[in-house]
Amino acid sequence: MYRRERSIPFRGSAAPLCNNLSVLQLSARKLTYFGVVHGPGAQLLSVAPEGVSLAQRQLRAKEGAGVSPPLMTQVRWCVLPFRVLLVLTSHRGIQMYESNGNTMVYWHALDSGDASPVQAVFARGIAASGHFIFVGTWSGRVLVFDIPVKGPNIILSEELAGHQTPITDIATEPAQGQDCVADMVTADDSGLLCVWQSGPEFTLLTRIPGFGVPCPSVKLWQGIIAAGYGNGQVHLYEAATGNLHVQINAHARAICALDLAPEVGKLLSAGEDTFVHIWKLSRSPESGYIEVEHCHGECVSDTQLCGARFCDSSGSSFAVTGYDLAEIRIFSSV
């Protein structure tokens, strides 16, 4: 069970975009960073224990080439084994900062050369694994950036082609040295999922077809793919084969965010029906089949939810954002 603990106020509000909340917990410094985007800017908050807000910072989207101000599409902290980078995406390009947002270390402008005059150009979907950061694009390609241990010498090393429609989300999980292990999943506006094996050469292992609705959010945990769809359903797939194991009618409207607490296998789903649900994932010891148990449901009334994340890897608390809501709401387990 969870109950509402507190709210963290911030200037402005969250834009009505899926996955519009990023959380970074710095246990050594007893700090938690929160990030949301709205319009041409990203709002970053650093919060001490007991919800005391220490500082707020606003980062603006880099203009690039264009006549109108670019709009931010996502913010996310990418935790690599050797450094943490803050990644922002917009209609102009991709910005990478040191984790506190003080120093920009890389800028990648999007090439709109292949876009038709009526087609929106943007980047969306951010994930990290090993020494790579992955960013999805409007064209369906996934950009792979090779990140050095320190400094700004970031290289666009590869572009993965598996989708024909814009990328919505990307999920990764450490492969732990196993052979032929699916350790990355990409989702798009058609609902198609592509399952990849990363490494010196990226391999497309399987495609999981869509069924006419977008897949705004996807997660990967211990070989289980959790995909949230525009019809409110959550599907649980076997990553190695793409087989569907569980279908959950989780929400009455579209899902706007999924998150996983990897230490305990808790899955969080948030939908446009104002509900947040917590699920427990596991495998049957006998059959190896994926099993799911509903743990908690929370109504965030009169709020158009657009972001929800666990605040730590054990799932002891979670945070939500909503459109036109000038605060981040925190819920803790009891």
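This passage describes two nonpolar cores, a strand hairpin and an annotated repeat in a predicted model.

The packing of the interior is a good place to start. The largest nonpolar core holds 21 residues, and the members that touch the most others are Val 87, Ile 94, Met 96, Ile 133, Phe 145, Ile 147 and Ile 154. At least two residues of this core come from each of the strands S7 (84-90), S8 (93-98), S9 (104-109), S10 (123-129), S11 (132-137) and S12 (141-146). Strand S10 contributes the most, with three residues. A closer look at Phe 145 is helpful here: beyond its neighbours within four places in sequence, Phe 145 is in contact with Ile 94, Met 96, Tyr 106, His 108, His 131, Phe 132, Ile 133, Val 135, Ile 154, Ile 155 and Leu 156. Another core, of 16 residues, lies apart from the one around Phe 145, and includes Ala 171, Val 218, Ala 227 and Tyr 229.

Further along the chain, residues 248-282 carry the annotation "repeat: WD" in an unreviewed UniProt entry. This stretch is 66% strand and 0% helix, and the C-alpha atoms at its ends are 15 Å apart.

Next comes a hairpin built from strands S26 and S27. All six of the six residues of S26 (residues 305-310) are buried, so this strand is largely enclosed by the rest of the structure. S26 pairs with S27 (residues 317-322) in the antiparallel sense, over five bridges. Phe 310 has Phe 318, in S27, as its bridge partner. Six residues lie between the two strands of the hairpin, where Gly 315 adopts a positive phi near 70°.

Key:
Residues numbered from 1 in each chain as written. Predicted model: local features only at pLDDT ≥ 70, side-chain atom pairs only at ≥ 80, totals over all residues. Heavy atoms only, no water. UniProt positions renumbered as here; feature names shortened; annotations may be inferred. Helix = DSSP H or I, 4+ residues; strand = E, 2+ residues; numbered from the N terminus. Buried < 20%, exposed > 50% of the residue type's maximum accessible area, 1.4 Å probe, protein only. Pairing = 2+ DSSP bridges. Core = buried A, V, L, I, M, F, W, Y, C linked by side-chain atoms within 4.5 Å. Contact = heavy atoms within 4.5 Å.
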